[in-house]
Amino acid sequence: MDLTDLDLAEAAKAISSGQISPLELTQAYLSRIETIDPRLNCFLAVTTEIALGDARQAEVEIQRGMYRGLLHGIPVALKDIYETRGIRTTAGSKFFAQNLPETNAFAVEKLKQAGVVLLGKLNMHEIALGVTNENPHYGPCRNPWDLQRISGGSSGGSAAALSARLCLGSLGSDTGGSIRIPSSLCGVVGVKPTFGRVSLQGVIPLSWNLDHAGPMARSVREAAILLQVIAGYDPQDPASVDIPVPDYLDSLEWGIKGWRVALASDSFFQEAASETVACVQVASRMFEDLGATIEQVEVPQALQAAGANGLMVTSDAAAFHRERMESHLEDFGADVLARLRTGAAYSSGEYILARRQQAVLRRRYEELLEHYDILLTPTTPISAPLLGADAVERARLLTRFTAPFNLTGLPAISLPCGFTGQGLPIGLQLVARPWDEARLLQAAYVYEQAAGWWQKKPLIA
């Protein structure tokens, strides 16, 4: 049996029972990375010796009865925006090419305490400001379903690595859709928690006001396992909020009978490829079959929300990178530099109005969800486009349905809901009330298990 075919829960059970060792599992992943990754370019660094050391330590601890839980001995890889002690953390940029952090990001430290095995650092769109993952400094990350197509971004390396079975879990970041977009395009699961649920300490910033950290996995249960570990209050992070974290696995299988589900049906969310619209409609009918009541709704000012989010993202990014823009413009990729210049050109008045719009729309979206358990939308308007297109235009298009929920800080998840005629994944986005990740995961899990799309794998050898 190929050990990389095991899902996270299966691997955890096999490790805890002694059927397989963390070292065996890690070696299987390292071997697969060596074989497959040259065609995909998911990894910016494979930390072979660290991974083997982590695995041996986990093996000894488990043999001594010191089992730490479901992530103990599980091989994961991290988007290269998460600081890792003594391991290069580039943010996909030339500026951070020699950056060796002295400490781990808060979420990374939580994973280390849970006993994970670190396989390496993953490719991403430069400084996280883009959605194609065509990185001019480290090369493009390709989509495992079609090597001529983008993996999405900015967490493209994470999504592609999960889809190609090069790791069992990952962490991404999401400022306008950077967890959910690549998850949609690569057919995996990505969770953007409520703003403030997962610490951003040690995550290289794109926007202090819009960045979200979250898990990416092959299935909803696996994403829930990862979120359980990394969620929680961090007093060192100014954006972190001290709200109790429930047991996400406890309610996962409770079902959705009697739920009220809102389906985004206004013209904004209908402006998508016909196959995408059709798959989301089929998914909504499956929610009805599972016991929910579906109601079509108009999402308040979604176009304006996406626009305000885009203005704030580029403005905040230009502020964070202002010294680098002043001294070394030539070290930015063309698409990223264009967007940074756009952000720097906005006036203070325009930014203030965007922040006001953020406050107003956050309240309006929360009011909408007071009447519904969850909201359904497509994740992206289209499936994965070919490599080589205009990255700035792709950012406008692919963030269309995700950015409103960064602006409003609501928890959202993307999971597969079908495939195009060309065999490319289509993503379904679920959105819930603030701090209600448990309900979000519950709905996603019951749909996922009924639909079965998560079990499909790309044919990459």
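These notebook entries record what I looked up in a predicted model.

**Entry 1. Strand 14 and its partners**

I began with strand 14, which covers residues 412–419. I checked how far this strand is covered and found that eight of its eight residues are buried, so strand 14 is largely enclosed by the rest of the structure. I then looked for its pairings. Strand 9, residues 189–192, pairs with strand 14 in the antiparallel sense over three bridges. In that pairing I located Gly 190 opposite Ser 414. Strand 14 is also joined to strand 15, again in an antiparallel arrangement, by seven bridges. Here Gly 418 stands opposite Ile 426 of strand 15. I noted that strands 14 and 15 make a hairpin with five residues between the strands. Within this hairpin, Gly 423 has a positive phi near 80°.

**Entry 2. The hairpin of strands 6 and 7**

I next turned to another hairpin, formed by strand 6 and strand 7 with two residues between them. Strand 6 covers residues 142–143 and strand 7 covers residues 146–150. The two strands run antiparallel and are joined by two bridges. I found Asn 143 opposite Asp 146 of strand 7.

**Entry 3. Backbone values that called for a second look**

I kept in mind that most residues other than glycine have a negative phi, and that most peptide bonds are trans. Against that background I recorded three places.

Where is the cis peptide bond that I recorded? It runs from Gly 153 to Ser 154, with omega near 10°. Ser 154 belongs to the loop between strand 7 and helix 5, the latter being residues 156–163.

Asn 133 is not a glycine, yet its phi is positive, at about 60°. I placed Asn 133 in the loop between strand 3 (117–122) and strand 4 (134–135). Is Asn 133 buried or exposed? Its relative accessible area is 0%, so Asn 133 counts as buried, the cut-off being under 20%.

Trp 435, also a residue other than glycine, has a positive phi near 70°. Trp 435 is found in the loop that links strand 15 (425–431) and helix 16 (437–451). Its relative accessible area is 25%, and because this lies between the 20% and 50% cut-offs, I entered Trp 435 as partly exposed.

**Entry 4. Helix 10**

I tested the length of helix 10, which has 19 residues, 302–320. At 1.5 Å a residue the helix should span 27 Å, and its end C-alpha atoms are 27 Å apart, so the two values agree. I also looked at its surroundings: helix 10 is mostly covered, with 14 of its 19 residues buried.

**Entry 5. The cavity**

How many cavities of 30 Å³ or more are there? I found one. The largest cavity holds about 50 Å³ of space. Its lining consists of Leu 263, Ala 264, Ser 265, Phe 269, Gln 270, Val 277, Val 280, Gln 281 and Pro 378. The elements that contribute two or more residues to this lining are strand 11 (260–264), helix 8 (267–270) and helix 9 (274–289). Helix 9 gives the largest share, three residues. I sorted the lining residues by character and obtained six nonpolar, three polar and no charged.

Methods
Residues are numbered from 1 along each chain as its sequence is written. This is a predicted model: local features need pLDDT of at least 70, side-chain atom pairs count only at pLDDT 80 or more; totals for chains, interfaces and linings use all residues. Side-chain values use heavy atoms; hydrogens and water are left out. Two strands pair if DSSP finds at least two bridges between them. Helices (H or I, at least four residues) and strands (E, at least two) are DSSP runs, numbered from the N terminus. Buried means under 20% relative accessible area, exposed over 50%, partly exposed in between (1.4 Å probe, protein chains only). The expected span of a helix is 1.5 Å times one less than its number of residues. On a 1 Å grid over the protein atoms alone, a cavity is a set of points where a 1.4 Å probe fits but cannot get out, and a pocket is an open set with protein on both sides within 12 Å along at least five of seven lines; lining residues have an atom within 4 Å of a point. Grid points are joined across faces, edges and corners, and a volume is the space filled by probe spheres set on the points. Ala, Val, Leu, Ile, Met, Phe, Trp, Tyr, Cys and Pro count as nonpolar, Asp, Glu, Lys and Arg as charged, and the others, Gly among them, as polar.
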